[in-house]
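Trainee: I should be grateful for a close look at one part of this structure. Would you please describe how two of the helices pack, and then what is found beside them?

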Amino acid sequence: MKFESSLEKYVLIVATLTAFFTVFLSSGVGVVIPSIAVDFGMSNIVQNWITTIFFLAVAVFTIPAGQISGKYGLKKAMVCGSALFIISSIFATLSVSSEMFLITRIFQGIGVAFLNVASMAIVVSAFKPENRGQAIGLNVTGVYLATSLSPVIAGFLNHQFTWHSIFYFTIPFLVFCLIVLIVKIDKEWKTFENVPIDKKGSVVYSIGILLFVYGFTTLNEMSGVILTIVGIIFLIAFAYLELKIKNPVFEVRFFKNPKFSSSNFAALSGYLATFAIVMIVNYHLQYIRGFSSQTSGLLLMITPVFQVVLAPLAGRLSDKVNPQKLSAIGIAIGAVAIGIIATLNEHTPLYVLAIALALQGIGFGIFSSPNNNAIMSSVPPKDTPIASASVATMRVIGQTLSLGMLTLVFAFVMGNVPIIPEYYPLLTLSCQIAAAICTVLCVISVFASLVGINSKPVKL
């Protein structure tokens with residue numbers, strides 16, 4: 001990629017590296033959870049919170065991070081987010097109890113919320129529209145690289161050293177990004193400098209999304225149903241409140257623009273459909289086929305490898321072709337792939353699974369960058385932090401609800417039983433049902449991607 005200035009180069013380097021290492025550490029922790037649980041004597045319920053509490057923190061703080069980043073500056077937001085992530089990672093390695101470690105995960109989630117919002121917004125702000133899709137594509141590539149490499153690298157580091165080593169591996173790179181931000185990027189982007197922070201809206205949103213996401217993951221219990229309903233009520237109140245005030249933390253009116261609303265919904269459906277597939281395929285490989293975790297990890301790399309190759313190409317193409325058309329084509333290919341995965345059983349040839357994983361990588365490699373480009377280009381330049389916050393929110397909510405959906409299917413089909421050969425038929429049925437739901441979500445995302453193709457950027 002040709003850069004028109006050194007500023008563009010450094011912005012893209014920092015944004016891509018932070019995207020890689022925040023995702024790497026997020027995914028890497030998932031691989032080493034058993035080791036962390038042993039060290040701190042965590043129960044199976046407590047160790048599940050290692051991942052859950054992180055995603056909840058990201059979901060709660062992402063929308064407020066959009067307005068804060070726009071008010072005080074995207075560069076400052078990245079500096080603060082990086083510093084918070086580094087400090088919390090250091091304290092994670094120094095934790096002496098499960099409570100202390102879980103608290104560090106909260107602060108890591110807050111740091112990631114700001115980095116997710118600011119990194120995408122700063123790329124959009126630094127690059128001209130004709131090069132924006134390619135830059136976004138390279139930035140998304142960092143995410144896919146981390147997704148594909150984190151299980152392998154984290155597993156190796158944990159096996160050779162301890163779980164602490166995945167934090168030690170990450171910290172120097174984030175320190176490098178922090179130095180580049182301070183020393184090499186001499187420009188600041190402020191879009192809401194004279195706008196007061198919407199504290200009331202931030203609080204209502206945070207409570208609503210916390211109750212909704214957590215409640216959804218426990219819908220098989222009455223308390224989960226109640227929390228989900230209360231969360232939805234708070235989110236409706238949040239939308240109503242945002243329509244009534246002059247400077248909302250999130251501009252709900254953007255959803256009047258078909259391109260913005262449909263692309264966001266397509267992203268939410270896409271992440272809902274795909275995030276659980278990794279676990280579904282992993283269960284199939286390790287339990288049904290009896291493969292080792294190492295072999296399973298290598299097979300699971302097929303999908304992100306294709307995503308890494310295609311994401312920047314699709315991003316570049318989205319600067320020339322309508323990005324929503326590309327998104328629809330990509331997610332349609334993804335629907336075919338997940339439809340094949342929904343038929344997996346103990347008799348399915350391995351090459352069929354490999355083809356499905358490759359198609360999934362091709363489909364979502366084509367989908368993600370154009371979809372992000374469609375969202376970011378559908379709002380005025382001054383509102384890119386809000387649009388970036390929307391992108392990050394759709395991603396984290398989709399990922400969290402995807403795992404919640406899988407948990408619910410397992411709870412209803414299998415019940416609370418150990419995964420032993422006696423229950424493998426129920427495990428296969430659970431995975432098939434969950435994958436079938438994911439296929440339907442992909443089809444919904446196809447139609448959502450096609451809505452509002454000819455609409456113009458929203459004017460408020």
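Mentor: What follows takes up a pair of helices and then a cavity. Please bear in mind that this is a predicted model.

Two packed helices are described by the angle between their axes and the distance between the axes. Here the pair is helix α15, residues 384-413, and helix α16, residues 424-450. Their axes come within 9 Å and cross at roughly 140°. An angle over 145 degrees would count as roughly antiparallel, and the angle of this pair therefore makes α15 oblique to α16. The crossing in which α15 passes α16 is right-handed.

The residues that make this contact may now be named. On the side of α15 they are Met405, Leu406, Val409, Phe410 and Val413. On the side of α16 they are Leu426, Leu427, Leu429, Ser430, Cys431, Ile433, Ala434, Ile437 and Cys438. Sorted by class, the contact has 13 nonpolar residues, one polar residue and no charged residues.

Cys431 of α16 leads to the second topic, since this residue also appears in the lining of the largest cavity. The count comes to one cavity of 30 Å³ or more, and the largest cavity holds about 60 Å³ of space. Its lining consists of Ile280, His284, Ile288, Ile341, Leu344, Thr428, Cys431 and Gln432. Two elements, α10 (258-288) and α16, each give two or more residues to this lining. By class, the lining has five nonpolar, three polar and no charged residues.

To draw the two parts together, α16 takes part in the contact with α15 and also contributes to the lining of the largest cavity.

Key: Residues numbered from 1 in each chain as written. Predicted model: local features only at pLDDT ≥ 70, side-chain atom pairs only at ≥ 80, totals over all residues. Heavy atoms only, no water. Axes fitted to C-alpha atoms, helices over the stretch in contact; angles between N-to-C directions. Helix = DSSP H or I, 4+ residues; strand = E, 2+ residues; numbered from the N terminus. Parallel < 35°, antiparallel > 145°, perpendicular 65-115°, else oblique. Left-handed = near helix turned anticlockwise from the far one by under 90°. Contact = heavy atoms within 4.5 Å. Nonpolar A, V, L, I, M, F, W, Y, C, P; charged D, E, K, R; others polar. 1 Å grid on protein atoms, 1.4 Å probe; cavity = no way out; pocket = protein on both sides within 12 Å on 5 of 7 lines; lining within 4 Å. Points joined across faces, edges and corners; volume = space filled by probe spheres on them.
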